[in-house]
Structures are given as structure tokens and as C-alpha cells.
Amino acid sequence: MGGRGRGSRSRTQRKHFRDGRENVWKRPKSDSASSDPNSNNNSENKTHWQPFATQNPAFDEYYKEQGIVTAEEWDTFVEVLRTPLPAAFRINSSSQFCEDIKSQLENDFMNSLKAETTDGGEVEAIRPLPWYPSNLAWHSNFSRMQLRKNQTLERFHEFLKLENEIGNITRQEAVSMVPPLFLDVRPDHFVFDMCAAPGSKTFQLLEIIYQSTKSGSLPDGMVMANDLDVQRCNLLIHQTKRMCTANLIVTNNEAQHFPGCRADKNGSKASEMEIEPQISQLLFDRVLCDVPCSGDGTLRKAPDMWRKWNPGMGNGLHSLQIQIAMRGLSLLKVGGRMVYSTCSMNPVEDEAVVAEILRKCGGSVELVDVSSELPQLVRRPGVRKWKVRDKDLWLASHKDVSKFQRYHILPSMFPSGKSYVAPANKDLEHENGENAISEDGIQPTEDASTEDLMEEVSDLPLERCMRIVPHDQNSGAFFIAVLQKLSPLPAAIQEKPSKKRNLFKKNPELQGKLLDQVTEDNSGLEPDSRDVAVEKIYEAATEADLIVDEPDEADMEPDPSNISNQDSEETKALVNGETDSGKAVGKRKLQLQGKWKGVDPVLFFKDESIINSIKMFYGIDESFPFDGHLISRNSDKNHVKRIYYVSKSVKDVLGLNFRVGQQLKIASIGLKMFERQTSREGTSTPCSFRISSEGLPVILPHITNQILYASSVDFKHLLQYKAIKFADFVDAEFGEKASKLMMGCCVIVMRDSKTMSDPTKVDASTIAISCWKGRSNLNVMVTAIDCQELLERLSVRMEAEKGSSVQENKFNVDELQLNGASKVEESENTQLVADA
């Protein structure tokens, strides 16, 4: 945990705050009774559930003062915030059924759901989001609760659940889809998602780089998705596995200290490890910096936030947000674009962070005006003035901050970013108590009227930022800023950290005060909601303000030349997939667990005997690159269960990571391509590795053996019955061909229902599954949910084809009738002319 590897000193972790956290979605039945002193045990007075209170005076006061919305629209703004968030989802543009799903939504569900009552008074039950390209994102006016409880919506709800599970759609809040669109990602880009869990934006980025990729090939770019928390990292892996991609690396490092993997110039270790990486440093074309935040933009889907919200949440995360953003810019290529975003409406987390970034970077980074992009997206410009709230005190500039507040109220929180140093005796003036400072160092609230404060106005073009507010288009709230790196960052940013970094180590009482203010329990939100980011407040409370300045980049990236020979030998052994059973037990244990404790090692798979048996058995042609693209997560090559495939871009990054001593803590990498068949029948076959369903689309165009083409009827029967004897197939010739295959894994491709011939080449419309050829039958090696989804897709497609053929026949009949009628009419006219 924490991404610091072995031997790191102990520090406060989020797990230390987990004790005693209640699940607010399952409120105890006794809550309401215990809160009412006049309640009794009569059943008529018992209440099992009460809706969450959707009021917070501190929230109202704070945002009224900040001027995020005008006074005239305040009531509308709050009214919408108190209503449930409508569901939204996005169609996976790289799915082979993308057009089928879009057609089903447009022609089936849009009509069948018209009669249903919707939230928000909108006419259409579901509609495409007008600002999202190609009608791939959809807005449903039903809340999640309605979808779950309303029986008439059951078919639509089951459709959403099934397609989401498969990966054909992704259920995601509408405003959460916006940041990736402003990144302007292309298929050859290296993209970094710094705080990625639970993975909906990562999935969206992968879709974009796959958009123009031909079937059976891989894009030149890749996505690196990172998250600090191990459990959230597992959620990220689960989410992105639905994409079935070889162009993704999931890491578990601290975002603000993410390693740059700068390789040793002499390249000696590369030759030792037989790796020839094409890159010498980890830099990205695009960076998505969606930082941990207080999450008040998600009040509609997390109503428990109302009672938990306080201004200190945003103040406590401000420094961490700056550190993560600055690290993202340092990893960005010159000319690259970074999007900074939060699901918070708070200017301290939004404009204040962007302003501080621009001040630190000087002219090397530009805030991009994207007002002309996505014109149908309703957004508001960023603000240039705001105030800071600390407990009951309003602060307009750093000059208003007392001596004892300055450990957590920083100059960067204010519009100008200017610090103020008070005279040494100023806080001790007026012994009679006039303008006196209270014991905790905060001025009395009666002196803090906002009218008396001199407001600061930023001189930076912060209006180029954008803020999405809920009542503009019935959504959640979000903040987005687009930054472009024009030149290398100033050298001053790389200066070593000051002594302020150790401030709280010397004074733990100040740390306690900050934690009391920031770490109010914010648990209980939906586990699949990345954007509610309060799950990260616990880690952020310690990271945000305990580290005031950024560490030196050299501290983040250890010099590869200083890595010990012992580490080099371990790395070499891991790369080659070898272990020495004669070594000491302790050393062998270390190698088995890899560089990072508790994480499976990542190593190139180089067992030529297994690789050659796979090539020969499936007849894989030489055009498919194997060398250096196969990965395993087990250093004992005799017990490798799964072999993963990685793209060239991921291969290069992995080679660089080995070269620099495995600075990246890799949690997941590559696409599961082959899996060992451990059954008795499987071990007796010429090849004990079967092709996984995830990897089949990539390798299918290169398979020449163990492949058969089935009619649509037999293909559907396989999906329905899972196992069919050779003699029981409708097409007897197909059954005979299947019986002559070698025992083991095989691939069954569905013939085109129109031509009924074997396809000459594989394209995006090709449908294929992995099967196991046994002694007397074919067994489908696809999960039950995949079979169900394929059957439904085929049924919908066949109905559409029948409909089009019926329509075509009707058109032909009408045309014949029309032609016949015209001929009769023509002959009648001829007869009339003759008679005349």
C-alpha cells in the first residue's frame, strides 16, 4: 500500500480511518426512534426508513457567497440538487455490436418507453446526449431507483445490466464523460489517467484509441491507468477487463510521486536483460488529471453528502491536488495536452489549483480556450474571484489569515496567490482585548463580515475553465480545465523541498487539528462511483497538507546507476522467466513475489517449446508478432496458467520499467490470450493451452488450423446447449468436419446468414467463439453471460434482417403492382386514343 516499496517508513494510511465507519445506505431502524424522545414502541410510530436530509446551511452560505450561480437561479439550482440523478450510459464504440445496440435504442426502447413517467418533467424517456459524438452516449430520465423498482422498466433495466457486464455499454454519469473528450486523444497517443478508479474514464479513453483500428490489429498508442488505493485498483481492473485490450497498464503508485522511469544513458542494464526498449523515459501525449476532491458535484447520486459536507474538505485537498497536477505536467510531452478536472464546485479545488499551476509553470503551460469545442454542451466560464472559508471565518486574501491558520490556509488558495507575512508583534497588539486573537489563533467572527473584506481578483484567464452545474441540463456538476504544455517546465520547480515539508513531523498537534477538520467520515457512497472521490479523503488528508512543497524529481526517480547488482540480477531473472531453485529460501520468496511486496511479478514469457506448440497447433502465421509480446505473472515457468499478450507500445514501456529497476508497481497488464487446460483430457492434447475468449478477436485473423465455419442455426444451438454431439448438428457436413479436428481447443466462426459461405477474411462483423473438441462432441468455452448476450444480439440482428427483407419484398410487390397498374392504364389510354 502506498507505492513506496520495501523498507519505507510507516505513515498514516487510509485504513487507519476505517474503524467504526457505518454504511449510511443501510441506516439502522432505531435511528429515527432514538432521535425522538416522545417516541414509543407502538407499531404506528415505527419508521423503517427516512429519506436523507437534503439541506446543509453551511453549504448554502458557502456557495451563495462564492457566486457560482446567480441569486435569481439559486432556488432552481438547489431544487435540482435535491432530486435523484438520472441514469446515463455510453455505448462502446469499439464493440462489434455498437451499431446494433444504437439501433435497438433508437427503434425499440425510445418507442416502448414513451408511456412511462419520467423524473424532471422531460418528454423523452431516453435520448442521446446531443453534445456526445455519434449518438454514443445516452441520457435516461429514470433514476437508478426507478429502474430497479419499476416493473414496467424491467426489460430496459435487464438490457442495461447485461450489456454493461459484457462491456458493450458503460453506465457512467453524463458529466463524467466530458473530460476525456477535451483531451483530443488519437490512436497513436500515450495516455496517462492519473487517478483512474473505478475506470469509466479509462474505458472511454481506450474506446477512443481503438476507434479507427481495424479488426485483428492493435492501435499504436496505449493507456496507463493509475490509482493509489489497492481495493479501488482492483475495481479499476475489473472495469477495464470488459474492454479486452492489450494496450493497457494498470499501476498502483502514488500519483503525486509517479515515477518518470528515466533510463540510464549508458544502457548497460538493457543489454544484460536482453531488452531493447524504444523509449528512454516515460512521457505521455495526453494526461487526464481527475483528482480526488470533496465531491459535492455528486450530491444527486450521493445524498448522504448533504450532512457530511463542510468547507474544510476542499481546503484539506487543495495541496494534494496541486501536487498531482504538477506531476502530471512534468510527465507530459511538450506540445501535449492535460485535462484537470474535479467533481466539485468549490473554487478552492478548481480555479485556485489551476491558477497556482499557471503561476508555478510560468509561460511553459497555457490554459486553453475550448469554448468552441462541443458547442452543444452547456457550460459556464470559470470565476476569477472567490473567498476562502475556515471554520466560521471568511478570508478574502492571505493577509486576513492569522498566524496559527497558516499551516493549513495557504496563499495558493486565494485568487492572487500572494503570501503575506505579518509583523512579528501584530498578533499580540491591544492588550485590552481589542482585535485580540482567540486561543486557536482565529479572529472573532464578528470581525469577519464579507462586506469589510477587500476581494482579490485573479489576473489569469480563468474564464477559460468551465464549470457544469446541475440545473443547466439535468446532470451532476463538474469542473474542467484544459492545459497545454508549450515548453519544458522551469528548473525552479525541480528545487529540493523546503523545511516546511517536515512541519507536522515536528508538531503532531497541528496535524491532529487538520485531520479533525478534514477527515470527517465521508464513507457510505456507492462503491462504483469514482467521481464521488470522498473515498480518498482519508489518504488525502495526510498527503495534502503534510507535504507542503513538491519533492525533488530526482527523489521520485532513483538513478538506475545506483541500483545494486543484486537488484539487477533479480530483474534479469524475472525478465527471462527463470528462477534458481538452489538459492536461499528468502531470496527465492522475494523473486516469486516480484519487486513489489504482495504483487505478482511481471515477466516476459520465453518458453520456446510452449510457444512453438501453440503456433503449430493453431497454425498461427508468421505475421502475428509473438517475440517480446507474451507476458506471464508466474516466475515458475512449469506452472504458468495464463499467458497475456501486450501491444508494442506496452512492450516498450515494460522494457523501460525493467531497465530502471521496476519503478512502476504494475497491478494488471495485457490481454489474456492463452490459458492452460488442466483437465485430464486437456493434458493429453498436442497443445495444453486454449485460446481465451478475450484474446480471440486479436488472434483470429492469423489462425489457419482448428477453425470451422458453422451455419447460424448450428451456431445458435451451440450457444443454447453448450455441448452438442457431432452427429446431432443440423449441418451433417459440419459435424463430420468437427469430428476430424485434433482434440483440444478449436474456433467456430458463424457463416454470413445471407451468403451462407465461409468468410474470405475476418472483419468487425465476424462472430466467433472458442470451443473444446472432445472425443464425441463440441463444448462451448464461453461464459454463460457471454452466451446469453450473443444469443440476444443474434436474435435482434436476425429480426432486423427479416424486417428489412419483408420491407424489401413489400417494396418489390408494390413496385410490381404499380408497374402492372401503369401498364393497364397505358393500354386503356391507347384504346381511348384509337377510339377517338
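**Reading confidence, helix packing and a salt bridge**

User: What is the mean pLDDT of the protein chain, and what share of its residues reach 70 or more?

Analyst: This is a predicted model, and the protein chain has a mean pLDDT of 78, with 70% of its residues at 70 or more. Over residues 495–575 the pLDDT stays under 50, although the model has 210 contacts there beyond four places in sequence. The pLDDT is also below 50 over residues 577–593, a stretch with 25 contacts beyond near neighbours in sequence.

User: How should I read the packing of two helices, and at what angle do H12 and H13 pack?

Analyst: The angle between two helix axes is given a class, and angles that are not roughly parallel, antiparallel or perpendicular count as oblique. Here helix H12 (residues 311–330) packs on helix H13 (residues 351–361) at about 45 degrees, their axes being 10 Å apart, and therefore H12 is oblique to H13. The crossing of H12 past H13 is right-handed.

User: Which residues of H12 and H13 meet?

Analyst: From H12 come His318, Gln321, Ile322, Ala325, Met326 and Leu329, and they meet Ala352, Val353, Glu356, Ile357, Lys360 and Cys361 of H13. By kind, the residues of this contact are 8 nonpolar, 2 polar and 2 charged.

User: How many salt bridges are found in the whole structure, and which residue meets glutamate 351 in one?

Analyst: A salt bridge is recognised when a side-chain nitrogen of Lys or Arg lies within 4 Å of a carboxyl oxygen of Asp or Glu. The whole structure holds 33 of them, and in one, the side chain of arginine 467 meets that of glutamate 351 at 2.7 Å, N to O. This pair joins distant parts of the chain, since arginine 467 belongs to strand E14 (residues 466–468) and glutamate 351 to helix H13, 116 residues apart.

Definitions and conventions:
Residues are numbered from 1 along each chain as its sequence is written. This is a predicted model: local features need pLDDT of at least 70, side-chain atom pairs count only at pLDDT 80 or more; totals for chains, interfaces and linings use all residues. Side-chain values use heavy atoms; hydrogens and water are left out. Axes are lines fitted to C-alpha atoms, for helices over the stretch in contact, and angles run from 0 to 180 degrees between N-to-C directions. Helices (H or I, at least four residues) and strands (E, at least two) are DSSP runs, numbered from the N terminus. Angles under 35 degrees count as roughly parallel, over 145 as roughly antiparallel, 65 to 115 as roughly perpendicular and the rest as oblique. A crossing is left-handed if the near helix is turned anticlockwise from the far one by less than a right angle, and right-handed if clockwise. Contact means heavy atoms within 4.5 Å. Ala, Val, Leu, Ile, Met, Phe, Trp, Tyr, Cys and Pro count as nonpolar, Asp, Glu, Lys and Arg as charged, and the others, Gly among them, as polar. pLDDT is the predictor's confidence in each residue, from 0 to 100.
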